[in-house]
Amino acid sequence: MTVLPITIWGEPVLHRRASEVETFDDGLRTLIADMFETNEAANGVGLAAPQVGVGKRIFVFKYANDDDAPDEGVVVNPVLTLSKVSGALPDPDEHMEGCLSFPGEHYPLQRADWARVQGFDGHGKPLDFVATGWFARVIQHEYDHLDGKLYVNRLVDRYAKESHEAGQEERLGCPGPDLDARRGSGSVRTLTVDAAHLTGLLEHLDIRDEDALECAGLLASKPSPGFSDAITAMEHRLGTFPSEGIPSAGQSEAEWIEAFLRFAPTVHEYHLGLGINAGTSWASLADLGLQLRVNRRVHGRFGLDTWGWMTLHMAGNMFRLGRLQFHLVRSNGSESPTSSTAASGWELGVHIPEDGSLSPGVVDQAFAEARTFFAQHFPDKPVTEATCDSWMLDPYLAEHLPAGNIASFARRFTVSHCTDAPADAVYFTFRQRGLEGLEALPRKTSLQRVVLERIDDGGSWQLGHGRLAL
């Protein structure tokens, strides 16, 4: 038997109706055994399948009772018949509930005094019993999970407001002591992607062809050892506006890809909670598919050597708006910030995906969209300037290709200084790592020729660091 990770409020599987179990087989009974083991390890009185990432109508319970029911059991495809629920306000001394999927919080809630439970056990044998008192509360609590509800969704009055604030704190990555303790204990978020949602997820993330088959294989296999650490690292950063990627902790590229696939829907839900439309959210997260294709071109295989870059997207503050990507970060530590940027404390990092033209009109449209987008969705984080750190801002490029779109883009920025980045121009122009074998690279376009001829002449490409006013 296995202790499974507990899913946490905000994950999609907890907020949609679970589907009926159709086959009573060994796989089902293994899941039930794992749920009992997980419930025991969590010191719980009940656990529903969505709480371990499985969208099926199953719950287990362990509660000593005086009713004609076992103290421990499982109910598959349950149907409840309830007594009337009192309309009086709940008593904090008598009606308090908590939930493993909403950790660290407890609120009072009125429930029906009794519940008739009908359903099946793990072998398909019919069940029919009545639960009363606290046992009835346990049954109703677990049943709610099967309909995509947590007990906090039923709270009234000030308790509803308090739970919402606590949930936002959990979801937006601003943990209080209880969340810190949970994270320290090693309990992390995971998302089970079932077959019904896999195709849609891969489409949203723009993962295609061979990469889609490889990703499906990752999600169908047992999570690898480094997976949980990767999820935990991203969980800690969601909503915290980091400017740097997550440092390596020994995970393989495949482990990071799996973590991104499973965590992306959580980031999407976070975006929706900010009022960001679904299209913009998925377009931002779809850089994963692009990076997988780039990796295949660079290395000829499935993988993701830019996994560190993708960890920035999973923090929830990187957005694809038109032709460009915009990264909302704190201005502390930025190079030469102006007084207005220093006063606001925030700025936008600008990044240039490889797909599409950099024509002035398209770039103008992207910046216009960014001004509106961040003012609407992050009004408490005003931005007055954008930064760009790119080989495209190396003055040498504009001098030698002054009429091109790249030069036009670079002239938007005031470059304060440059730093050595000898391989960047080669990588982004030819998608080749390193400076070996340059003689074999094509010189068909003016850009290709300029990049290689500078190196031929003994020069070195640099990273230009620029700023512009929004």
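These legends describe close-up views of a predicted model. Local features need pLDDT of at least 70 and side-chain atom pairs pLDDT 80 or more, while totals for chains, interfaces and linings use all residues. Residues are numbered from 1 along each chain as its sequence is written, and side-chain values use heavy atoms, without hydrogens and water.

**View 1. Helix 2 spans residues 133-146.** Its 14 residues reach 21 Å from first C-alpha to last, close to the expected 20 Å (1.5 Å times one less than the number of residues). Helices are DSSP runs of H or I, at least four residues, and strands are runs of E, at least two, numbered from the N terminus. Just after helix 2, glycine 148 has a positive phi of about 80 degrees.

**View 2. Helix 2 is mostly covered.** Of its 14 residues, 12 are buried (under 20% relative accessible area, 1.4 Å probe, protein chains only). Among them are Phe135, Val138, Ile139 and Leu146. Arg137, Glu142 and Asp144 are buried too. The buried residues pack against strands including strand 4 (96-99) and strand 6 (114-120); contact means heavy atoms within 4.5 Å.

**View 3. Five strands form an open sheet.** The order is 1-2-3-6-7, with antiparallel pairing (at least two DSSP bridges between two strands). Strand 1 and strand 7 are the edges, each pairing on one side only. Twist averages 40 degrees from one strand to the next.

**View 4. Strand 3 meets strand 6.** The two run antiparallel, joined by 5 bridges. Threonine 81 stands opposite arginine 116 in strand 6.

**View 5. Helix 1 (residues 26-41) packs on the sheet.** Helix 1 touches strand 1, strand 2 and strand 3, at about 40 degrees to strand 2. Angles run from 0 to 180 degrees between N-to-C directions, with axes fitted to C-alpha atoms, for helices over the stretch in contact. Helix 2 runs at about 155 degrees to strand 2.

Conventions
Buried means under 20% relative accessible area, exposed over 50%, partly exposed in between (1.4 Å probe, protein chains only).
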